[in-house]
Amino acid sequence: MQEIKNGIDRTHHKSLILRDKGDWNEGIHTLKFLLHKQDSLSTATTTSQLEQVKENYQINELLMEKQKITNLNYLRAIMILGVLLVLLLLFYLYTGYLSKRIALAEKEAIKAAELSHADNLAKERLKLEISHDIRTPLNAVVGFAEILADADNLDEESKSAYNKIVQENATQLLDYVNNILELSRLESGKIKYVEGSCDFIGLFRAVIEEADKNGQNCVHAELHTDLEKQMVRTDQARLLSLFESLAVSTVDTEFYHSDITVKRVEEKSLLLVTVVNTPLAKERFENKTAMIRNEINAHFIHYFGGYYKVDEQAKQGPSVTFTYPYDVAGLHIH
């Protein structure tokens with residue numbers, strides 16, 4: 001490019017010399033040649049500029065493409081970071097949920113262990129005391145039976161009193177033996193529960209109504225519940241026996257006014273039953289028959305998935321509390 005420009009300068013100088021010499025034709029010819037060279041130079045300059053523009057445009061395109069790639073990489077990095085944060089949050093929430101479940105399971109396990117420990121202590125105490133409780137009525141039966149055998153010197157009033165003592169102690173002894181045998185068979189698995197469908201509320205009401213008709217019953221029970229009917233899966237004969245043990249007593253000398261409350265715990269599908277002031281909640285050392293009966297009831301309730309607790313020191317009065325799973329398919333609210 002620089003050579004073409006130098007040639008144009010020389011040609012222009014030559015044309016000036018020819019003009020000064022008066023050779024106009026040759027000078028005009030030289031000027032035409034000069035104009036041709038200038039056109040070539042302009043064309044070359046324009047082409048060169050165009051090439052530079054093209055190169056600059058390609059460079060800009062490459063820079064823009066590079067920037068797009070960089071922005072896309074940034075976007076991908078942000079998306080990956082966002083996904084990681086979401087996964088981290090989900091992991092944190094899930095571990096928190098698991099921690100709560102584990103804590104709840106540990107709490108339930110501790111509670112079950114405490115109940116089991118209390119049951120074991122009660123059983124051990126029962127074994128230690130049961131022989132004494134059997135010997136006492138047995139001695140009374142044997143002793144007064146011997147007196148009655150030699151009844152020649154007894155008047156009718158004495159005979160009647162002694163006969164009553166023998167009968168009462170024999171009945172008490174029979175209750176002890178029957179309950180002990182039943183508990184033993186239950187724990188050894190020799191007695192199998194017969195499962196079927198039963199209306200829990202209806203059966204409880206029937207027991208209370210029948211108990212009120214018994215003139216010898218020293219318990220007056222009142223049932224408090226919002227439930228008209230509730231189906232459960234159970235051994236109806238054993239459930240009936242449990243209800244009767246709570247609402248019927250013909251051997252106690254004192255009168256009991258029992259309040260029975262039945263509520264539904266829907267989140268656990270359980271019925272919560274609280275019986276306040278029942279003979280079964282008396283101090284255990286005062287009533288060993290009640291103690292054995294509670295063991296039988298607890299075995300039955302535990303078998304069907306509930307818990308059974310006797311609280312002799314409850315604020316509202318000596319109480320028996322137990323839960324029982326209900327049939328969700330048979331759910332009915334009055």
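How many residues does α3 have, and how far does it reach from its first C-alpha to its last? The legends below take this helix up after an overview. The model is predicted.

**Figure 1. Overview of the predicted protein, with its 6 helices and 7 strands.** From the N terminus on, the elements run α-α-α-β-α-β-β-α-β-β-α-β-β. The protein has 334 residues, and 30% of them count as buried. Its accessible surface comes to about 22200 Å². Carbon and sulfur atoms account for 57% of that surface. Among contacts with a separation of 6 or more, 73% join residues 24 or more positions apart.

**Figure 2. Helix α3 from end to end, with its 33 residues.** The helix reaches 47 Å from its first C-alpha to its last. That is close to the 48 Å expected at 1.5 Å a residue. Its buried residues are Val166, Asn169, Leu173, Tyr176, Asn179, Glu182, Leu183 and Leu186. An α-helix has 3.6 residues a turn, so residues three or four places apart point the same way. Gly189 follows α3 and has a positive phi, near 80°.

**Figure 3. Helix α5 and its N-terminal cap, Asp235.** A side-chain oxygen of Asp235 lies 3.2 Å from the backbone nitrogen of Ala237. The helix itself covers residues 236–247. How far apart should the ends of its 12 residues be at 1.5 Å a residue? The expected span is 16 Å, and the end C-alpha atoms are 16 Å apart, so the two agree. Leu239, Leu242, Phe243, Ser245, Leu246 and Ala247 are buried in this helix.

**Figure 4. Asn217 and its two backbone partners, Val219 and Ala247.** Asn217 sits in the loop between α4 and β2 (219–225). Is this residue buried or exposed? Its relative accessible area is 9%, under the 20% cut-off, so Asn217 counts as buried. A polar atom of the Asn217 side chain lies 2.9 Å from the backbone oxygen of Val219. The same side chain reaches the backbone oxygen of Ala247 at 3.2 Å. Ala247 is one of the buried residues of α5.

**Figure 5. The aromatic cluster that includes Tyr193, Phe200, Phe300 and Tyr324.** A search of the whole structure finds 12 aromatic pairs. Tyr193 and Phe300 form an edge-to-face pair. Their rings lie 5.6 Å apart, centre to centre, with 65° between the planes. The pair links distant parts of the chain, 107 residues apart. Tyr193 is in the loop between α3 (156–188) and β1 (196–199), and Phe300 is in helix α6. Both Tyr193 and Phe300 are buried.

Phe200 and Tyr324 form a tilted pair, 6.0 Å centre to centre and 35° between the planes. Phe200 lies in helix α4 (residues 200–213) and Tyr324 in strand β7, so this pair ties together parts that are 124 residues apart in sequence. Phe200 counts as buried, at 0% relative accessibility. Tyr324 also counts as buried, at 1%. The full cluster is Tyr193, Phe200, Phe204, Phe243, Phe300, Tyr303, Phe304 and Tyr324. Phe243 is also among the buried residues of α5.

**Figure 6. Strand β6 and its pairing with β7.** The two strands pair in the antiparallel sense over 4 bridges. β6 covers residues 308–311, and β7 covers residues 319–325. Which residues of β6 lie on its covered face? They are Tyr308 and Val310. Lys309 and Asp311 make up the uncovered face. Val310 stands opposite Val320 in β7. Strand β7 also holds Tyr324 of the aromatic cluster.

**Figure 7. Two loop residues with positive phi, Ser269 and Asn277.** Most residues other than glycine have a negative phi. Ser269 has a positive phi, near 55°. Its place is the loop between β4 (256–265) and β5 (270–276). Ser269 is partly exposed, with a relative accessible area of 24%. Asn277 has a positive phi too, near 65°. Asn277 is found in the loop between β5 and α6 (288–303). Its relative accessible area is 26%, so Asn277 counts as partly exposed.

Definitions and conventions
Residues are numbered from 1 along each chain as its sequence is written. This is a predicted model: local features need pLDDT of at least 70, side-chain atom pairs count only at pLDDT 80 or more; totals for chains, interfaces and linings use all residues. Side-chain values use heavy atoms; hydrogens and water are left out. Buried means under 20% relative accessible area, exposed over 50%, partly exposed in between (1.4 Å probe, protein chains only). Two strands pair if DSSP finds at least two bridges between them. Contact means heavy atoms within 4.5 Å. Accessible areas come from the Shrake-Rupley method with a 1.4 Å probe; for residues, only the protein chains shown count as cover. The expected span of a helix is 1.5 Å times one less than its number of residues. A polar contact is a pair of N or O atoms within 3.5 Å; within protein, one must be able to donate a hydrogen and the other to accept it, and residues adjacent in sequence count only if both atoms are side-chain atoms. Rings of Phe, Tyr and Trp (its six-membered ring) pair if their centres lie within 6.5 Å; planes under 30 degrees apart count as stacked, over 60 as edge-to-face and the rest as tilted.
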